[in-house]
Amino acid sequence: SERAGPRSTGSRIASTFLKMFDSSAGEQPAVAARVPAVSGGPRFDVDAEVARIAGNECEAPIFRANAHADIAALPADERTRLVSAFERNTSVHTLELASTRLDNGAAMALAGMLERGCTALTSLNVERNQIGSDGMLAFAQMMSNAPETCMLRELKLAYQFVTISSAAELALAEALGKNTQLTKLTFDARQVHVRGQIDKHLMRNSQLRREAARRAAARQREAEAVAITVDAPAAAVAAMAPASMAAAPAAFVAAGLGTCEALAPAATEPAAPVAD
């Protein structure tokens, strides 16, 4: 009985720690579209899920499948086929695929579709996977060459279970220097100067976004002011007309011109017949 207390306390601490760890992946809002978990049930139907994604049949703009056991259990080529379906999806803006055993092949597929600008994604989370140097180099190439149609603003690459080469780390930092769209990048760089470069570029991009937002707001205010000036309400013009018309006769009289009726041309009378 004397040992029961400490063990119970230790269990509670361990349970609390696990809950904190799980919450680090993010408790998801009710609006998030989750992939149906079928562990212990029928086989995960990759074909049906690919068709659902490509056909814009997801229930919400957030597609969250973090730590999805059935996706993690798929063969590597099937996982790659699954993520590639998002290239044809235009409704999902946030894609969460942490802890699903994604590898370099899946990373290259995701980076390729982002580089082509053929996706509506603004946020991508592939943390806690098995993406190595080749996958990171693919993301670096995407960041360097991303067109204006690429709307990605947040990329999470941290906590990979494989070693990333120093060259791949440096390539990511240098690519971010050419990219002004990303405002958040999570990545475990071992090299101090690489971390410094990433932080500097992200701060620059955030500042650029704030300045762009201020300019857009200023343009909107100017457009509204011009619209108010040019498009005067018709009611105001109509209200001014009777007053000016009523003041006109008095002005004419004061000027010695008589009334408005006096200015009207006289009616032409028929000429009298000339006697023979």
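S99 lies in the loop between β3 (94–96) and α5, and R101 is found in that loop between β3 and α5 as well. This is a predicted model, and the briefing below takes up the backbone of this loop, the packing of helix α2 with helix α4, the surroundings of α4, and the two cysteines C118 and C150.

**The loop between β3 and α5**

- Most residues other than glycine have a negative phi.
- S99, a residue other than glycine, has a positive phi near 55°, and with a relative accessibility of 28% S99 counts as partly exposed.
- R101, also a residue other than glycine, has a positive phi near 65°, and its relative accessibility of 41% places R101 among residues counted as partly exposed.

**Packing of α2 with α4**

- Two packed helices are described by the angle between their axes and by the distance between those axes.
- Helix α2, spanning residues 46–54, packs with helix α4, spanning residues 76–84, at an angle of about 20°, and the two axes are 8 Å apart.
- Because angles under 35 degrees count as roughly parallel, α2 is described as roughly parallel to α4.
- The crossing in which α2 passes α4 is left-handed.
- On the α2 side the contact is made by V46, D47, E49, V50 and I53, which meet E78, R81 and L82 of α4; sorted by class, this contact of α2 with α4 has four nonpolar and four charged residues, and no polar ones.

**Burial in α4 and the position of D70**

- The buried residues in α4 are E78, R79, T80, L82 and V83, and what covers the buried residues of α4 includes α2, α3 and α5 (104–115).
- D70 is found in helix α3, which covers residues 69–72, and D70 is buried, with a relative accessible area of 11%.
- Although D70 and V46 are 24 residues apart in sequence, their C-alpha atoms are 9.9 Å apart in space.

**Cysteines**

- A disulfide is a covalent bond between the sulfur atoms of two cysteines.
- For C118, the closest cysteine sulfur is that of C150, at 10.0 Å, which is too far for a bond, given that a disulfide requires a pair of cysteine sulfur atoms within 2.5 Å.
- By this rule the count comes to zero disulfides.
- C118 is partly exposed, with a relative accessible area of 36%, whereas C150, at 3% relative accessibility, counts as buried.

How values were computed. Residues are numbered from 1 along each chain as its sequence is written. This is a predicted model: local features need pLDDT of at least 70, side-chain atom pairs count only at pLDDT 80 or more; totals for chains, interfaces and linings use all residues. Side-chain values use heavy atoms; hydrogens and water are left out. Axes are lines fitted to C-alpha atoms, for helices over the stretch in contact, and angles run from 0 to 180 degrees between N-to-C directions. Helices (H or I, at least four residues) and strands (E, at least two) are DSSP runs, numbered from the N terminus. Angles under 35 degrees count as roughly parallel, over 145 as roughly antiparallel, 65 to 115 as roughly perpendicular and the rest as oblique. A crossing is left-handed if the near helix is turned anticlockwise from the far one by less than a right angle, and right-handed if clockwise. Contact means heavy atoms within 4.5 Å. Ala, Val, Leu, Ile, Met, Phe, Trp, Tyr, Cys and Pro count as nonpolar, Asp, Glu, Lys and Arg as charged, and the others, Gly among them, as polar. Buried means under 20% relative accessible area, exposed over 50%, partly exposed in between (1.4 Å probe, protein chains only).
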